[in-house]
Amino acid sequence: MSTTKKYNPYDNVQAVVKNAASILGYSHDDYEAVLFPERELKVSIPIRMDDGSVHVFEGYRVQHSTSRGPAKGGIRYHQNVNIDEVKALAAWMTFKCAVVNIPYGGGKGGIVCDPSKLSDSELRRLTRRFTAMIAPIIGPDQDIPAPDVGTNANVMGWIMDTYSMLKGHCVPGVVTGKPLELGGALGRHEATGRGVMLTTLNILKALDIPVKGSTAVIQGMGNVGSISAKLIHKAGLKVIAVSDVSCGIYNPEGLNIPEIIEYLSAKKGNLLKDYKGDGVSYISNEELLELKTTVLVPAALENQINEKNAKKIQAKVIVEGANGPTTVEADEILKKRGIILVPDILANAGGVVVSYFEWVQNIQSVSWSEEYVNERLKTIMDQAFQAVWDIAREKDTSLRTGAYLIAVKRVVDAKNLRGIWP
Ligand SMILES: NC(=O)c1ccc[n+]([C@@H]2O[C@H](COP(=O)([O-])OP(=O)(O)OC[C@H]3O[C@@H](n4cnc5c(N)ncnc54)[C@H](O)[C@@H]3O)[C@@H](O)[C@H]2O)c1
């Protein structure tokens with residue numbers, strides 16, 4: 001394998017889907033359509049900046065599949081957003097919704113921007129204009145956005161308001177991950193990290209590794225990373241290292257996770273490089289990924305574990321909090337080295353499961369308690385884990401292939417049952 005091959009996450013998606021489809025015995029005609037996104041929209045978003053100048057941002061919304069229900073997936077604000085990344089993220093949503101068996105297809109969107117360099121009012125104008133430009137293809141029955149890297153509940157609130165203004169009535173079900181006051185679901189903010197924690201406990205149990213004495217290393221301290229760290233710490237694992245974009249912090253005796261989370265959320269822009277804690281040393285993100293640990297949770301971005309560092313990973317188990325953190329090449333290396341990996345489409349599905357609960361509540365105008373949400377989430381995550389574990393044992397495959405065997409079958413069968421129109 002050439003080391004100079006340019007990383008394209010959509011190639012990863014296609015390779016994994018083709019592999020699952022061939023194990024399932026599908027002909028190329030059966031799954032050909034699933035290899036391509038149904039719809040890709042690119043928009044140029046002009047914004048009046050605070051200094052009076054005009055800047056045009058590039059944005060995307062991709063709908064990979066609507067075979068099993070409306071497209072569903074987050075909106076990312078990041079300087080590296082590009083069409084191949086958005087296509088891959090949209091496809092991963094299709095298979096994620098299928099593996100946990102919720103009635104959605106997959107979509108994703110993004111704007112090429114660095115949100116940390118925009119004021120709140122610039123972000124609001126950018127979000128509103130973007131929403132207006134993708135409004136023709138989104139809606140509670142068509143495509144339902146949610147938060148992703150660089151976006152949060154406030155951004156979702158602006159999307160909901162803009163869409164509602166365009167329609168002339170309140171449409172809370174157009175977007176999930178909203179503030180509670182606007183129809184957000186109790187438990188949604190923590191849902192992805194809760195799912196990562198539940199998956200971590202499930203894989204440890206399946207491998208007969210006791211929680212007591214196990215350690216965890218977490219890359220990324222945003223929504224997914226910080227909640228995963230909080231709940232994994234609470235579950236009894238010793239979290240020995242965490243990182244954000246600025247650096248990693250490490251203490252082999254265990255980090256004070258509640259204090260670190262409090263520090264990071266105390267002020268916008270607080271970074272780990274400025275955190276001071278007893279016994280803490282500062283390491284790079286590369287070093288963090290290679291630490292000796294029971295569990296490694298990459299919860300930042302794609303392409304973090306690749307053919308360059310896969311040989312050096314010392315974790316026993318990897319639980320993918322981020323989407324696409326491991327490349328196809330790295331997957332092979334890890335498998336040969338006996339490192340067990342729980343794939344993104346299963347491990348981080350908690351967010352979309354509770355987004356589904358939010359949408360169900362919105363369209364029925366009802367509200368569920370946090371206990372009920374967490375209980376239903378646990379049931380779905382546990383069942384999905386067991387199904388993936390069982391099929392991977394039965395077919396002697398990795399857990400990623402096992403997850404795709406379930407997901408690809410559900411998507412391809414739905415597509416073929418509907419048939420090709422006209
Ligand atoms: N938010 C969700 O509900 C959700 C659901 C499923 C999957 N995901 C995925 O989880 C990942 C993280 O999403 P999030 O919502 O937590 O984003 P976020 O913006 O809240 O946090 C991202 C974190 O990653 C860090 N980071 C950024 N660049 C980095 C780099 N180069 N090296 C190390 N750390 C870096 C940031 O400092 C931050 O701590 C993404 O892959 C996203 O697609 C998110």
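**Entry 1: the β3 neighbourhood**

I started with strand β3 (residues 71–78), which pairs with strand β4 (residues 106–112) in the parallel sense over four bridges. For my own record, strands (E, at least two residues) and helices (H or I, at least four) are DSSP runs, numbered from the N terminus. Two strands pair if DSSP finds at least two bridges between them. Looking at single residues, I found that R76 has G110 in β4 as its bridge partner.

A note on what I'm looking at: this is a predicted model, in which local features need pLDDT of at least 70 and side-chain atom pairs count only at pLDDT 80 or more, while totals for chains, interfaces and linings use all residues. Residues are numbered from 1 along each chain as its sequence is written, and side-chain values use heavy atoms, with hydrogens and water left out.

Next I checked β3 against β5: five bridges join them, and the two run parallel. Here A71 has D143 in β5 as its bridge partner. I also looked up burial for β5, and four of its five residues are buried. Buried means under 20% relative accessible area, exposed means over 50%, and partly exposed is in between (1.4 Å probe, protein chains only).

Then I wrote down the whole sheet. It is open, has five strands in the order β1-β2-β4-β3-β5, and its pairing is mixed. β1 (39–48) and β5 (143–147) stand at the edges with a single partner strand each, so one side of each has no neighbour in the sheet. From one strand to the next, the twist averages 25 degrees.

**Entry 2: the seven-stranded sheet**

In what order do the seven strands of the other open sheet run? I read β9-β8-β7-β6-β10-β11-β12, with mixed pairing. The edges are β9 (281–283) and β12 (340–342); each has a single partner strand, so one side of each is left without a neighbour in the sheet. The twist here averages 20 degrees from one strand to the next.

I spent a while on β6 (residues 215–219). Five of its five residues are buried, so the strand is largely enclosed by the rest of the structure. I went through the two faces: T215, V217 and Q219 are buried on one side, A216 and I218 on the other.

β6 and strand β7 (residues 238–243) pair in the parallel sense over five bridges. A216 stands opposite V239, and Q219 stands opposite S243. I then checked strand β10 (residues 295–298), which runs parallel to β6 and is joined to it by four bridges. Q219 turns up again there, with P298 as its bridge partner in β10.

Between β6 and β7 I traced helix α7 (residues 223–234), and the three make a right-handed β-α-β unit. Right-handed means that, with the strands pointing away from the viewer, the path from the first strand over the helix to the second runs clockwise. α7 lies across β6, β7 and β10, at about 170 degrees to β6. Axes are lines fitted to C-alpha atoms, for helices over the stretch in contact, and angles run from 0 to 180 degrees between N-to-C directions.

**Entry 3: domains and cores**

I looked up the domain split: domain 1 is 37–175 and domain 2 is 190–342. These bounds come from an automatic or database domain assignment. The domain centres, taken over C-alpha atoms, are 27 Å apart. I noted 11 residues of domain 1 in contact with six residues of domain 2, where contact means heavy atoms within 4.5 Å.

Which residues touch the most other members of the largest nonpolar core? They are F95 and V242, in a core of 90 residues. Helix α13 (residues 370–395) gives the largest share, 10 residues. Both domain 1 and domain 2 contribute, so this core lies between them. A nonpolar core is a set of buried Ala, Val, Leu, Ile, Met, Phe, Trp, Tyr and Cys residues joined through side-chain atoms within 4.5 Å.

I followed F95 further: leaving aside neighbours within four places in sequence, its contacts are V17, V34, H64, I345, Y404, A407, V408 and V411. I also found a second, separate core of 26 residues, including I45, M49, I75 and I159.

**Entry 4: N306**

Last, N306, in the loop between β10 and β11 (317–319). Is N306 buried or exposed? N306 is buried, with a relative accessible area of 14%. Beyond four places in sequence, N306 is in contact with T327 and A330.
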